[in-house]
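Thanks for coming, everyone. I would like to walk you through one structure this morning, slowly and in a few steps, so please have the view open in front of you.

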Amino acid sequence: MAYPTPLRFLIDQFSRFPGIGEKTAQRFVFYLLRQPQADVIRFARALMELHDSILLCRVCFNYAEKTPCATCTDPNRDQETICVVAFSHEVGAFERTGEYRGTYHVLGGNVNILDGITPDKLRIKELVERITRSDTKIKEVILAFNPDLEGESTGLYLYKLLMPYGMKLTRLARGLPRGADIEYADEITLADAIKARREV
């Protein structure tokens with residue numbers, strides 16, 4: 001079907017989202033058309049302000065409204081433990097478990113030489129600086145990566161890099177099936193993985 005140009009453009013934009021196909025994108029667009037104009041304007045305004053209102057925390061590199069973020073400045077968090085993840089959305093997965101009370105460090109990806117993602121393109125240097133220059137002695141670093149080739153490669157690289165610094169290095173227990181994504185793991189599986197983490 002030949003849609004009017006504005007509809008076709010929006011369908012194409014929604015189709016670019018991860019996991020969203022043509023039919024789902026069409027449903028999104030027609031849903032928006034059925035909504036009151038004021039609601040659509042609020043939605044559009046939120047999209048336009050997204051990049052202006054969200055920052056990267058200068059400590060953990062998670063998305064936040066201010067820097068340092070609320071997690072990094074929370075006195076009730078265990079500042080001696082850092083959970084290292086590849087992407088910001090994985091922080092939310094750990095927070096939903098209610099089990100982890102330490103801090104985070106977001107690398108911004110996984111080591112993947114074939115795709116040109118070398119360690120120098122990730123926030124690994126910042127992690128090392130955080131460990132060595134921190135006012136608080138870091139006692140544990142949790143290497144929390146997906147149990148796939150990229151995650152395993154990143155974890156192994158960090159293990160070799162951080163081992164000389166003397167803190168305990170742990171990784172998630174194997175409660176997560178191989179090939180699973182942390183973001184889509186249920187809270188119980190992820191909570192068990194945190195509780196049963198072990199030294200690398």
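Let me start with the unit in which strand β5, helix α7 (residues 149-162) and strand β6 form a right-handed β-α-β arrangement, where right-handed means that, with the strands pointing away from the viewer, the path from the first strand over the helix to the second runs clockwise. Before going further, I should say that this is a predicted model, in which local features need pLDDT of at least 70 and side-chain atom pairs count only at pLDDT 80 or more, while totals for chains, interfaces and linings use all residues. Residues are numbered from 1 along each chain as its sequence is written, and side-chain values use heavy atoms, with hydrogens and water left out. When I name helices (H or I, at least four residues) and strands (E, at least two), these are DSSP runs numbered from the N terminus.

Now, which strands sit on either side of β5 in the sheet order? The sheet is open, has five strands with mixed pairing, and follows the order β4-β3-β5-β6-β7, so β3 and β6 are the neighbours of β5, two strands being counted as paired if DSSP finds at least two bridges between them. At the edges lie β4 (102-106) and β7 (198-199), each of which pairs on one side only. As background, strands of a sheet pair through backbone hydrogen bonds, either parallel or antiparallel.

On one side, strand β3 (residues 78-85) pairs with β5 in the parallel sense over four bridges; Val-84 has Leu-143 as its bridge partner in β5, and Cys-83 stands opposite Ile-142. On the other side, β5 is joined to strand β6 (residues 168-171) by four bridges, and these two strands run parallel, with Thr-170 in β6 as the bridge partner of Ile-142.

Are the faces of β5 (residues 140-143) buried or exposed? Both are covered: Glu-140 and Ile-142 on one side, and Val-141 and Leu-143 on the other, are all buried, where buried means under 20% relative accessible area, exposed over 50%, and partly exposed in between, with a 1.4 Å probe and protein chains only.

Turning to another part of the model, the axes of helix α5 (residues 89-97) and helix α8 (residues 187-195) come within 9 Å and cross at roughly 90 degrees; axes here are lines fitted to C-alpha atoms, for helices over the stretch in contact, and angles run from 0 to 180 degrees between N-to-C directions. That makes α5 roughly perpendicular to α8, since angles of 65 to 115 degrees count as roughly perpendicular, under 35 as roughly parallel, over 145 as roughly antiparallel and the rest as oblique. Ala-93, Phe-94, Arg-96 and Thr-97 in α5 meet Glu-187, Leu-190, Ala-191 and Ile-194 in α8, contact meaning heavy atoms within 4.5 Å.

Finally, two loops deserve a look. Phe-61, in the loop between β1 (55-56) and β2, has a positive phi of about 70 degrees although it is not a glycine, and at 15% relative accessibility Phe-61 counts as buried. Pro-68 lies in the loop between β2 (63-64) and α4 (70-73), and the peptide bond leading to Pro-68 from Thr-67 is cis, with omega near 0 degrees.
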